[in-house]
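Trainee: Could you take me through one part of this model closely, in a single connected account?

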Amino acid sequence: MICRMTSRWTLPFLLVWQCVVTLPPVGADENEALQAWGLAYERDVLPIVRARCIECHQGDDADGEFDLAGFDSGSQVLGKMDVWDSVAKRVRGNEMPPEGSPQLNDDQKAAFHRWVDSRPKQDLCSQLASDETTSWYRGYVMSRRLTRTEYLNAVRDAVGADVDTSIEIPSDGAGGEGFDTNGASLFTSAIHIEQYLEVASRAIDQAINDPTMTRLLDRQSIADLGEAAIAATAVARFAHRAWRRPVADVEVERLMTLYTLSRSRGDAFEAALGEPLKAILVSPHFLFVVESESPAGGVQRLTPHQLALRMSLLVWSSIPDDELLAAADAGRLDSDEQVITQLHRMLDDPKAIAIGESFGLQWLGLANFLTTARPDHELFPEYNDRLASDLREEAVRTVASVFRDDRPLMDLIDADSAEVNERLASHYGLPRRGDDTEWQRVDIEDSRRGGVLTLGAVLVSASYPRRTSPVLRGRWVLEEILGGRVPPPPPGVPALD
């Protein structure tokens, strides 16, 4: 788990360290393990090779120079294990079987990866992660931390109160990938930890000392217990919600040492209870998207709690609510129908606007629209901060409404309606309805408006301050919509007048 919470440049060091200090000496036990691994090949992998691989990988003309016809037993595999390192690389990279050939099903992939990953006496020093290997390196699942937006939303939903957003948690970069959820760029610095602790302290202090706050401490349901038992119950409940998984008794006991220490210093009950609650909010179990793997390795299904967190981060940019968490606890996220039912409920929640905020704005390249788009005031005096804010909100609502209302994805490109308020309707020349603060979806007859291509925010951001730019708009369509990349100009080409 330590490897998967560090940067990819730390991973090579950790693997080298493991090579130096943890490789056991060769002995009888290791030979027995190798023989067992060879037998596992005969039992689990050889049938897959014969069914899916041997047709193309045998003889002098074997595809990719991988002749697998000679591997009919475990002993033959043990003699040329380097061949299987190469085969594993191609299978993990989805290069084998090639496109157009019968593919391995999930059970076959799981059996193959499980066998490869269980190989004894592996030369870990030759398996360092690199730019070439990160997509297939075994065990490569980047455990990322929550983004700034996800963290603040998660604290809000865990505590049940708004969070002071004036605390300057560092912003997140996208690492060149366009989205701030890119785990390779979500490093954690000392400044992050300091600010996380500040947010946690303010949020818990506010909640603990607010007599109207019952989410953290439901005294009515546990009045029959002593103070220490009341505190332990509150800590267990809060950790379950914040860590979005069942919490072990030993974890609660460890957290309660903070409560006991605080009480021993003479702190009031509420202040002492706040100490373990703050610790919960700065724990890696809260700060990181943790998806630990089982010892079996290979292709694995997400646990209900891991799936619940992915769902809530996608739709709400936050942690699961009580209902989704209860469904995960009870194993009620096991079928497509159960997952779809929960997703429909989540999309009906006002928090689902986050799918437009977090995904929509980053997908459209508008995350920094309010600070980077500045039309010339002399030519466009009607453009001001209020109109810019409305244009941004239109983009958010346009993307979110497609998912919320279960509309066709093509409505993102070509829609017969638009999300506007009174000020924006006037700006676009659309029928006016309601006041400036009321947002509605209105039907439009002009086929040139509707969908993300003609959003005002997109047109402004893909223009120069004093004029439009076909080049900038073409680049926007190619990169943001089609997922392509515009290469840099060749050297020596002068700028156009």
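Mentor: What follows is a close look at one helix, H8, and then at the cavities in the structure. Please keep in mind throughout that this is a predicted model. Helix H8 runs over residues 227–242, which makes 16 residues, and it reaches 22 Å from its first C-alpha to its last, close to the 22 Å expected at 1.5 Å a residue. Among its side chains and backbone positions, Ile230, Ala231, Ala234, Val235, Phe238, Ala239, Arg241 and Ala242 are buried. Seen down the axis of H8, these buried residues fall within an arc of 160°, so they line one face of the helix. This fits a general point: an α-helix has 3.6 residues a turn, so residues three or four places apart point the same way. The cover over the buried residues of H8 includes the helices H6 (148–159), H7 (190–208), H9 (249–264), H10 (269–281), H11 (284–287) and H13 (322–329). After H8 comes Arg244, whose phi is positive, near 45°.

Turning to enclosed space, the structure holds 4 cavities of 30 Å³ or more, and the largest has a volume of about 100 Å³. Of the 15 residues lining this largest cavity, Thr398, Ser417, Ala418, Glu419 and Gly451 are the closest to its centre, and the lining has 3 nonpolar, 6 polar and 6 charged residues. The second largest cavity, with about 80 Å³ of space, has a lining of 10 nonpolar, no polar and no charged residues, including Trp84, Met96 and Phe112, and helices H2 (28–53) and H4 (81–92) each supply at least two residues of that lining.

How values were computed:
Residues are numbered from 1 along each chain as its sequence is written. This is a predicted model: local features need pLDDT of at least 70, side-chain atom pairs count only at pLDDT 80 or more; totals for chains, interfaces and linings use all residues. Side-chain values use heavy atoms; hydrogens and water are left out. Helices (H or I, at least four residues) and strands (E, at least two) are DSSP runs, numbered from the N terminus. The expected span of a helix is 1.5 Å times one less than its number of residues. Buried means under 20% relative accessible area, exposed over 50%, partly exposed in between (1.4 Å probe, protein chains only). The arc is that of the directions from the helix axis to the C-beta atoms. Contact means heavy atoms within 4.5 Å. On a 1 Å grid over the protein atoms alone, a cavity is a set of points where a 1.4 Å probe fits but cannot get out, and a pocket is an open set with protein on both sides within 12 Å along at least five of seven lines; lining residues have an atom within 4 Å of a point. Grid points are joined across faces, edges and corners, and a volume is the space filled by probe spheres set on the points. Ala, Val, Leu, Ile, Met, Phe, Trp, Tyr, Cys and Pro count as nonpolar, Asp, Glu, Lys and Arg as charged, and the others, Gly among them, as polar.
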